[in-house]
Amino acid sequence: MASKTQVGFVGLGNMGNPMAKNLLKHGYPVIATDVFPESCKEIQEMGAQIVDNPAEVADKADRIITMLPSSPNVVDVYTGPNGILKKVKKGSLLIDSSTIDPAVSKEMAAAAEKMGAVFMDAPVSGGVGAASSGKLTFMVGGAEEEFTAAKELLSCMGANVVYCGQVGTGQAAKICNNMLLAIGMIGTSETMNLGIRLGLDPKLLAKILNMSSGRCWSSDTYNPVPGVMEGVPSGNNYQGGFGTQLMAKDLGLAQNTATNTKTPVPLGSLAHQIYRMMCARGYASKDFSSVFQFLREEEGQ
């Protein structure tokens, strides 16, 4: 079998680190960088080559994946003074798995095209657990003829790789999913809290909801009430999982796109306000299911 060509990776945080590890496990040589050098240590020990900045990654690899916290980080990593587009090779495939504004994805795609490179947006669903086990869902936007090449790499890190349409549509799918996820989590938390107040055992209530029409992912897979389920953040003081701050960010993106497209999202707007309030009250780094705890505390205000 021919040896696999190297892949660049920029952004080795909670998601990027396990994703890059899965590329290594599938036999791809990885060239990586992160603004925090300590984030590179673990993957370096596994055999990845570490360089100083994104431009150096682009100088050595013609397939690059980026996984970054927000739109400004993506703009800097691609177009900044040490950005990918400073050294990108013609014909390079650039895949951004960050969750950002679809308009920024389109800007990056246009900038990449001027340099003769191809940019695709491929945000993920599934969280840190799915990143570690290689079971992420990738929602991919970009030129359809490039999808097969992108899928080859993304399949090493995910169980589902779905083509959504042109650049920006991957982000659109992700933002819509997370808006529904937030609304569903708040609804589940309110419902569980009310049921407990009415004297119902939380495990029994969850069981009834999950065999009834109110069932949803937040009730049957990721229940927010401590003690109802094992192996979820609510059972571990809301540590790990998907941070409240990140949910607030994604709901902000949903708000921006809703405003730009004149789409009414009253529940999405309210969810955004609730998660922003949570960030201001010390919940920023806790899992987003901690909205249950937040609502319980609000009763005492």
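A residue is termed buried when its relative accessible area is under 20%. By this criterion, both faces of strand β1 (residues 7–10) are covered in the predicted model described here. In a regular strand the side chains alternate between the two faces of the sheet. In β1, V7 and F9 lie on one side and G8 and V10 on the other, and all four are buried.

Strand β1 has two pairing partners among the strands described in this section, β2 and β4. With strand β2 (residues 30–33), β1 runs parallel and is joined by four bridges. Within this pairing, G8 stands opposite I31 of β2. With strand β4 (residues 63–66), β1 also pairs in the parallel sense, here over three bridges. G8 faces I64 in β4, and V10 has T66 of β4 as its bridge partner. G8 thereby stands opposite a residue in each of the two strands, I31 in β2 and I64 in β4.

The connection between β1 and β2 involves helix α1 (residues 16–25), and the three elements together form a right-handed β-α-β unit. Nine of the ten residues of α1 are buried, so the helix is largely enclosed by the rest of the structure. The buried residues of α1 are G16, N17, P18, M19, A20, K21, N22, L23 and L24. An α-helix has 3.6 residues a turn, so residues three or four places apart point the same way. After α1 comes G27, which has a positive phi, near 90°.

Strand β4 resembles β1 in that its residues are buried on either side. R63 and I65 point one way from β4, whereas I64 and T66 point the other way, and all of these are buried. Besides its pairing with β1, β4 is joined to β5 by four bridges, and these two strands run parallel. The bridge partner of I65 in this pairing is I95 of β5.

The loop between β5 (93–96) and α6 contains S98. With a relative accessibility of 0%, S98 counts as buried. S98 and Q171 are 73 residues apart along the chain, yet their C-alpha atoms are separated by 8.7 Å.

A further set of paired strands involves strand β8 (residues 136–141). Five of the six residues of β8 are buried, so this strand is largely enclosed by the rest of the structure. Strand β7 (residues 124–125) pairs with β8 in the antiparallel sense over two bridges, and V124 has F138 of β8 as its bridge partner. By contrast, β8 and strand β9 (residues 158–165) run parallel and are joined by six bridges. In this parallel pairing, L136 stands opposite G158 of β9. The chain passes from β8 through helix α8 (residues 147–154) to β9, and this β-α-β crossover is right-handed.

Backbone geometry was also examined in two loops that border helix α12. Most residues other than glycine have a negative phi, and most peptide bonds are trans. Y238, which is not a glycine, has a positive phi, near 60°. This residue lies in the loop between α11 (217–220) and α12. Y238 is buried, since its relative accessible area is 2%. K262 likewise has a positive phi, of about 55°, although it is not a glycine. K262 is found in the loop between α12 and α13 (266–280). A residue is classed as exposed when its relative accessible area is over 50%, and K262, at 74%, is therefore exposed.

The second largest pocket of the model has a volume of about 260 Å³. Its lining consists of 15 residues, of which I175, A254, T257, A258 and T261 are the closest to the pocket centre. Three helices, α6 (102–114), α9 (169–197) and α12 (244–260), each supply at least two residues of this lining. By class, the lining of the pocket comprises nine nonpolar, four polar and two charged residues. Both domain 1 (7–166) and domain 2 (172–295) take part in the lining, with at least three residues drawn from each.

Conventions: Residues numbered from 1 in each chain as written. Predicted model: local features only at pLDDT ≥ 70, side-chain atom pairs only at ≥ 80, totals over all residues. Heavy atoms only, no water. 1 Å grid on protein atoms, 1.4 Å probe; cavity = no way out; pocket = protein on both sides within 12 Å on 5 of 7 lines; lining within 4 Å. Points joined across faces, edges and corners; volume = space filled by probe spheres on them. Nonpolar A, V, L, I, M, F, W, Y, C, P; charged D, E, K, R; others polar. Domains from an automatic or database assignment. Buried < 20%, exposed > 50% of the residue type's maximum accessible area, 1.4 Å probe, protein only. Pairing = 2+ DSSP bridges. Right-handed = clockwise from strand over helix to strand, strands pointing away.
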